[in-house]
Amino acid sequence: ERRSSFPPPSPTPTITTQPVEIPASVRMRPSPAQMEHAYPRSALERGVSGSATVRCYVALNGNLHTCSASREDPVNMGFGRAAERLARQSTVATPQTIDGRPVADGPIDVEYDFRVHTAN
């Protein structure tokens, strides 16, 4: 039996890396006409501007679903509900990716600003 004089190979070290996560991002926002159509009527009639932030989840096709207002200002003027509708109907996002692969139902927070436009 012949023996090698070389030492046995050392095990290859394993490198552990954190997965590369890229959050979901808005790809298409509502048009000015869609924003105007969604404007809460009572706020518009009173000349009140406002904003709302919604937390949604992004399907692989970019549609937003399961949207819930997390902030609205001023409160109780309908801006949260209007933003939820705009998110579901008129907003498209690029899904979150992990290591380059799209992830279904990753979260996204989207802010909507509602401004009363006055004629000068």
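Modeller: A residue is called buried under 20% relative accessible area, exposed over 50%, and partly exposed in between. The structure discussed here is a predicted model.

Colleague: Why does glycine 47 count as partly exposed?

Modeller: The relative accessibility of glycine 47 is 43%. Partly exposed covers the range between 20% and 50%, so glycine 47 counts as partly exposed. Glycine 47 is located in the loop that connects helix H2 (41-46) with S3. Its C-alpha atom lies 8.7 Å from that of histidine 117, although 70 residues separate the two along the chain.

Colleague: What makes serine 51 buried?

Modeller: Its relative accessible area is 8%. The limit for buried is under 20%; serine 51 is therefore buried. This serine belongs to strand S3.

Colleague: What makes the pair of serine 51 and arginine 71 a polar contact?

Modeller: The two side chains approach to 3.2 Å, and a polar contact requires a pair of N or O atoms within 3.5 Å. Serine 51 and arginine 71 therefore satisfy the distance criterion. Beyond its neighbours within four places in sequence, serine 51 is in contact with several residues, including Glu72, Phe79, Tyr112 and Phe114.

Colleague: How do you know that S3 is paired with both S4 and S8?

Modeller: Pairing requires at least two bridges. Nine bridges join S3 (residues 50-58) to S8, and seven join S3 to S4; S3 is therefore paired with each of them. Both pairs run antiparallel. Individual positions illustrate this: tyrosine 57 stands opposite proline 107 in S8, while arginine 55 has serine 68 in S4 as its bridge partner.

Colleague: Why are S4 and S8 described as standing at the edges?

Modeller: The three strands form an open sheet in the order S4-S3-S8. S4 (64-73) and S8 (106-114) each have a single partner strand, so one side of each is left without a neighbour in the sheet. On average, neighbouring strands of this sheet are turned by 25° against each other, direction ignored.

Colleague: What links S3 to S4, and which residue in the turn has a positive phi?

Modeller: The two strands form a hairpin with five residues between them. Glycine 62, in the turn, has a positive phi of about 95°.

Colleague: Which helix lies across the three strands, and at what angle to S4 does it run?

Modeller: Helix H3 (residues 79-90) lies across S3, S4 and S8, and runs at about 150° to S4.

Definitions and conventions. Residues numbered from 1 in each chain as written. Predicted model: local features only at pLDDT ≥ 70, side-chain atom pairs only at ≥ 80, totals over all residues. Heavy atoms only, no water. Helix = DSSP H or I, 4+ residues; strand = E, 2+ residues; numbered from the N terminus. Axes fitted to C-alpha atoms, helices over the stretch in contact; angles between N-to-C directions. Contact = heavy atoms within 4.5 Å. Buried < 20%, exposed > 50% of the residue type's maximum accessible area, 1.4 Å probe, protein only. Polar contact = N/O pair within 3.5 Å; in protein donor to acceptor, adjacent residues only side chain to side chain.
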